[in-house]
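This report describes one protein chain, its domains, its ligand site and a few individual residues. The sequence and the model are shown first.

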Amino acid sequence: MDFQLTEQQTLIRDMARSFAEGELMPRATQMDRQAFIDPEVFAKMGELGLWGLTVPEAYGGAGMGNVELALVLEEVNRACASTGVTLSVHNSLLGAPIHKWGSEEQKRTWLPRLATGETIGAYCLTEPNAGSDAGALRTSAKLDGDTWVINGTKVWVTNGGTCGVMLVYARTGTAESRAKGISAFVVPKNTPGVTVGKHEKKCGIRASSTTEILLENVRLPKSALMGKLDDGFTIAMDTLDGGRIGIAAQSIGIGRACLEAAVKYAKEREQFGQPIANFQAIQWKLADMSTRLDASRMLVHKAAWMRDKKERCSQQAAEAKLFASQTANFCADECLQIHGGAGYTDHFHVERLFRDARITEIYEGASDIQRIVISRAVLNGV
Ligand SMILES: Cc1cc2nc3c(=O)[nH]c(=O)nc-3n(C[C@H](O)[C@H](O)[C@H](O)COP(=O)(O)OP(=O)(O)OC[C@H]3O[C@@H](n4cnc5c(N)ncnc54)[C@H](O)[C@@H]3O)c2cc1C
């Protein structure tokens with residue numbers, strides 16, 4: 001066993017840290033207030049190759065794995081969780097499944113553009129009546145001769161406003177077929193019939209784009225199907241194993257930012273004639289934050305390492321997401337408490353961290369759903 005990062009992993013982590021500290025930290029509060037990510041940030045991520053981190057070199061990417069992606073996401077999210085989720089969804093929920101399940105034509109068409117950030121990716125599974133129960137989705141895809149015709153409404157689509165291509169899950173079986181009758185389609189956003197609906201105003205990660213996507217008689221060639229017919233649910237769940245590792249890494253980044261802010265404030269703030277860091281009650285909060293963050297990182301790196309070795313890691317990814325997202329919220333809560341009244345105002349970025357942390361326990365499967373995945377593995381070995 002070796003806990004040491006490789007030289008390449010250290011280099012990529014340090015590059016991401018320097019980008020996060022130099023470009024994101026100074027902008028994060030402003031981007032949160034304006035509710036969009038500066039275009040210069042997107043361009044800089046293209047220059048650094050972050051959009052194509054896990055795209056194979058043969059298709060113009062950096063050819064790295066999930067461990068490297070987790071390292072980068074921790075650094076980016078430590079500075080700005082809105083940028084972090086944008087990058088996570090693009091890499092793990094679009095680039096990764098196209099690489100794993102896409103046809104050669106789909107790979108050649110999309111991966112080079114995704115690698116540079118010329119095209120941003122989105123993942124459209126959730127619908128108004130199909131959230132945790134994704135197998136109940138109603139968006140339909142029907143063959144009309146050689147053309148797929150897609151109709152439906154997707155909600156809460158991360159990158160919905162900024163993307164150029166989407167992975168859309170639609171029902172190809174009967175209404176009763178549930179998870180067994182769903183297929184995945186690669187849908188260019190400029191296809192006639194695709195429109196961006198409501199832009200959500202969110203509690204946290206406000207600078208990231210979250211929208212409805214409306215699909216009305218969207219006509220696509222047969223080649224738009226990704227993977228086999230009716231295999232969509234398997235693709236969606238396998239893809240989420242990778243995505244959950246990304247959100248778990250996001251959680252560590254947010255939690256680490258909370259710990260760092262709490263340490264700084266505890267050393268500066270004086271009450272009863274001394275820094276509040278001298279009080280054991282404060283020290284114990286810091287100790288618990290640090291311990292949970294280190295444990296989260298172990299879970300994340302183990303799950304990412306298993307996925308890179310192509311081992312099934314649904315349980316490990318769910319455990320990493322469950323624990324790391326709880327840790328992010330624990331750290332955000334304790335950090336705000338250590339800041340006292342000032343933490344509850346916009347005097348510090350702590351209130352943004354508190355808002356940003358909350359989503360990690362909801363998207364890409366709420367904590368209850370992670371527990372279902374884990375307990376199923378514990379009880380039945382699957
Ligand atoms: C900001 C944001 C970005 C998102 N981005 C995307 C995206 O890019 N693509 C996409 O497809 N989706 C996206 N989502 C959707 C997200 O994955 C869902 O919100 C999430 O899966 C939960 O679904 P829901 O909101 O419908 O909650 P519901 O499924 O209605 O759940 C409500 C509550 O009930 C609990 N619950 C549900 N079923 C069970 C059960 N069987 N046992 C115990 N408890 C249960 C849940 O844990 C939750 O606490 C995003 C959501 C948000 C808020």
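The text below goes from the domains to the ligand, then to the nonpolar core and to single residues.

**Domains**

The model is predicted. Its chain is assigned three domains: domain 1 (7-120), domain 2 (122-232) and domain 3 (234-380). The centres of domain 1 and domain 3, taken over C-alpha atoms, are separated by 21 Å. Contacts between these two domains involve 23 residues of domain 1 and 23 residues of domain 3. On the side of domain 1 that touches domain 3, at least two residues come from each of α1, α3 (66-79) and α4 (81-101). The most, 10 residues, come from α3. Sorted by class, that side of domain 1 holds 12 nonpolar, 7 polar and 4 charged residues.

**Ligand site**

The ligand is surrounded by 20 residues, and the closest are Gly131, Ser132, Thr158, Ala366 and Asp368. Two or more residues of this shell come from each of β1 (121-124), β3 (147-158) and α11 (367-380). The largest share is that of β3, with 3 residues. In terms of class, the shell has 11 nonpolar, 6 polar and 3 charged residues. The ligand shell lies between domain 2 (122-232) and domain 3 (234-380), because both give residues to it.

**Nonpolar core and helix α8**

In the largest nonpolar core there are 113 residues. Cys124, Val168, Phe185, Cys258, Val300, Ala332 and Cys335 have the most contacts inside this core. Helix α6 (residues 232-268) is the element that gives the most to the core, namely 17 residues. Beyond its neighbours within four places in sequence, valine 168 is in contact with Cys124, Ile150, Lys154, Phe185, Val187 and Leu215.

Helix α8 (residues 314-338) has 25 residues, which at 1.5 Å a residue should span 36 Å; the end C-alpha atoms are 36 Å apart, so the two values agree. Of the 25 residues of α8, 21 are buried, and the helix is mostly covered. Glycine 340, just after α8, takes a positive phi of about 60°.

**Glutamate 23**

Glutamate 23 is placed in helix α1 (residues 7-34). It counts as buried because it has 20 C-beta neighbours inside 10 Å, and the cut-off for a buried residue is 20 or more. Leaving aside neighbours within four places in sequence, glutamate 23 is in contact with Val41 and Lys44. Its C-alpha atom is separated by 10.0 Å from that of valine 76, which is 53 residues away along the chain.

**Positive phi outside glycine**

Most residues other than glycine have a negative phi. Asparagine 217 has a positive value, and so does glutamate 364. The table gives the value and place of each.

| Residue | Phi | Place |
|---|---|---|
| Asparagine 217 | near 50° | strand β7 (residues 210-221) |
| Glutamate 364 | about 55° | loop between α10 (350-359) and α11 |

Which of the terms buried or exposed applies to asparagine 217? Asparagine 217 counts as exposed because it has 10 C-beta neighbours inside 10 Å, and a residue is exposed at 12 or fewer. Glutamate 364 is buried, with 30 other C-beta atoms within 10 Å.

Definitions and conventions
Residues are numbered from 1 along each chain as its sequence is written. This is a predicted model: local features need pLDDT of at least 70, side-chain atom pairs count only at pLDDT 80 or more; totals for chains, interfaces and linings use all residues. Helices (H or I, at least four residues) and strands (E, at least two) are DSSP runs, numbered from the N terminus. Two residues are in contact if their C-beta atoms, placed from the backbone, lie within 7 Å. The expected span of a helix is 1.5 Å times one less than its number of residues. Domain bounds come from an automatic or database domain assignment. Ala, Val, Leu, Ile, Met, Phe, Trp, Tyr, Cys and Pro count as nonpolar, Asp, Glu, Lys and Arg as charged, and the others, Gly among them, as polar. A residue is near a molecule or strand if its C-beta atom, placed from the backbone, lies within 6 Å of it. A nonpolar core is a set of buried Ala, Val, Leu, Ile, Met, Phe, Trp, Tyr and Cys residues joined through C-beta atoms within 7 Å.
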